[in-house]
Amino acid sequence: MARVSAAATRKIIHIDMDAFYASVEQRDAPELRGRPVAVGGARARGVVAAASYEARAYGVRSAMPSVTALRRCPDLVFVPPRFDVYRAVSQQIHAIFAEYTELIEPLSLDEAYLDVTEDVRGLGSASAIAEQIRARIAAETRLTASAGVSYNKFIAKLASDQNKPDGLCVIPPGRGAAFVASLPVKRFHGVGPVTAAKMARLGIETGADLRDRDIAFLRAQFGRHADYLHGAARGVDERPVRAHREAKSVGAERTFETNLSETVAIEEALERVADAAWARIERARARGRTVTLKLRRADFATITRARSLTAPVENRTELVAIGRALLAPLLPVAGGIRLLGLTLSGLQRDAAPAQAALPLG
């Protein structure tokens with residue numbers, strides 16, 4: 001029987017805006033409503049920063065190359081990102097959050113954890129608080145948000161995705177372990193495509209499968225990540241909501257469907273990663289002096305190279321140039337490259353929520 005953790009007394013809400021960038025564009029341009037919309041560049045090396053639900057029905061996803069998105073959805077409408085607008089809307093939303101709790105941990109412009117253990121407005125329950133927040137977001141921004149309510153961050157985040165879009169899912173302590181057991185492990189925060197594929201090879205497809213593996217097995221297979229996985233599979237997550245959390249780096253990385261060996265293909269992939277990384281850097285309103293390139297070979301060996309500058313990186317062009325300079329001495333790579341990443345650290349911020357480097361593939 002799964003133990004009840006000390007964190008079970010917490011009341012956590014995870015709020016996730018629905019297709020945030022694309023929904024803002026559809027709100028502000030009525031002619032886009034009901035149409036498949038991608039925020040990003042339609043150029044040959046462009047990348048999708050966000051996709052509307054109409055576009056997602058065709059398999060269009062964020063971080064996808066624009067040419068691939070257009071092949072999947074020939075009627076796709078591209079609109080350029082307006083980060084100033086998205087930041088302004090995000091500030092509206094976070095102002096709403098602040099009326100219900102001081103414990104707000106922003107993950108990005110459109111996503112945050114709220115600890116509402118203290119019911120400052122006397123609404124009676126965390127689910128009532130979540131419903132009121134969602135209603136106010138809809139009324140004040142004309143956008144929809146989904147929410148997950150639970151006793152810890154891990155389950156609240158899973159729950160917010162359960163009834164999207166415009167949904168609410170509440171998982172009380174007594175149902176947490178069973179809820180986690182029923183889900184595919186690829187939905188778990190912290191389980192990316194590579195880890196999910198490794199788990200599949202080990203016969204681990206669901207939370208129940210993961211729960212059935214003992215800690216010794218998990219440590220042998222997943223190293224320092226094992227303790228987190230062991231707890232998560234049992235609905236246990238002791239992490240508190242950390243107000244004003246700041247990421248130490250901002251960037252993006254991408255795992256490729258097939259290993260890249262040709263120099264031209266690798267350089268094109270670096271351009272797409274830079275597009276995604278710079279979009280996140282802009283979204284975080286961050287500038288930094290250190291660029292780090294991450295490269296994973298076909299044999300899973302990971303190589304990182306970094307360069308620190310005397311002044312912050314000013315634009316995407318400079319980011320790409322530094323990335324290419326770090327990459328060039330590593331080529332060619334025997335067996336090819338399965339992952340590339342670019343991150344910016346040594347950050348200076350303009351008072352906006354930040355997002356850490358995230359996997360894209």
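Start by selecting Val37 and Val77 in this predicted model: Val77, in β4, is the bridge partner of Val37. Widen the selection to the two strands, and you will find that β2 (residues 37-40) and β4 pair in the parallel sense over 3 bridges. These strands belong to an open sheet of 3 strands, ordered β3-β2-β4, in which the pairing is mixed. Its edge strands are β3 (48-51) and β4 (77-79), each of which pairs on one side only, and from one strand to the next the twist averages 30°. Now add α1, which lies across β2, β3 and β4 and runs at about 110° to β2.

From α1 (20-28), step back along the chain to the loop that separates this helix from β1 (12-17), and select Asp18, which lies in that loop. Is Asp18 buried or exposed? Asp18 has a relative accessible area of 2%, and because this falls under the 20% limit, the residue counts as buried. Show the side chains around Asp18: one polar contact, of 2.9 Å, joins the side chain of Asp18 to that of Ser146, and another, of 2.6 Å, links the side chain of Asp18 with the side chain of Lys164. Leaving aside residues up to four places away in sequence, the residues that Asp18 touches include Ser23, Tyr53, Thr144, Pro165 and Asp166.

Ser146 leads to the next selection, strand β7 (residues 145-150), where 6 of the 6 residues are buried, so the strand is largely enclosed by the rest of the structure. Ala145, Ala147 and Val149 point one way from β7, whereas Ser146, Gly148 and Ser150 point the other way. This can be read against the general pattern that side chains in a regular strand alternate between the two faces of the sheet.

Keep β7 displayed and bring in its partners. On one side, β1 and β7 run antiparallel and are joined by 6 bridges, with His14 standing opposite Gly148 in β7. β7 also pairs with strand β8 (residues 168-170), here in the parallel sense and over 3 bridges, and Val170 in β8 is the bridge partner of Val149. To go from β7 to β8 the chain passes through helix α6 (residues 153-160), and this β-α-β crossover is left-handed.

Return to His14, which also stands opposite Tyr113 in β6; 5 bridges join β1 to strand β6 (residues 111-115), and these two strands run antiparallel. With the whole sheet selected, 5 strands appear in the order β5-β6-β1-β7-β8, forming an open sheet with mixed pairing. Which strands stand at the edges? They are β5 (104-108) and β8, each with a single partner strand, so one side of each is left without a neighbour in the sheet. Neighbouring strands of this sheet are turned by 15° against each other on average, direction ignored.

Next, add the helices that meet this sheet. Helix α4 (residues 83-97) lies across β1, β5 and β6, running at about 160° to β5. Helix α6 packs on the sheet as well, touching β1, β5, β6, β7 and β8, and its direction makes about 145° with that of β7.

For the last stop, select Asn315, found in the loop between β11 (302-308) and α13 (316-327). Asn315 is partly exposed, with a relative accessible area of 34%, and a polar atom of its side chain lies 2.8 Å from the backbone nitrogen of Glu318. To place this loop relative to the earlier stops, pick Asn163 too: the C-alpha atoms of Asn315 and Asn163 are separated by 38 Å, and the two residues are 152 residues apart along the chain.

Key
Residues numbered from 1 in each chain as written. Predicted model: local features only at pLDDT ≥ 70, side-chain atom pairs only at ≥ 80, totals over all residues. Heavy atoms only, no water. Helix = DSSP H or I, 4+ residues; strand = E, 2+ residues; numbered from the N terminus. Buried < 20%, exposed > 50% of the residue type's maximum accessible area, 1.4 Å probe, protein only. Polar contact = N/O pair within 3.5 Å; in protein donor to acceptor, adjacent residues only side chain to side chain. Contact = heavy atoms within 4.5 Å. Pairing = 2+ DSSP bridges. Right-handed = clockwise from strand over helix to strand, strands pointing away. Axes fitted to C-alpha atoms, helices over the stretch in contact; angles between N-to-C directions.
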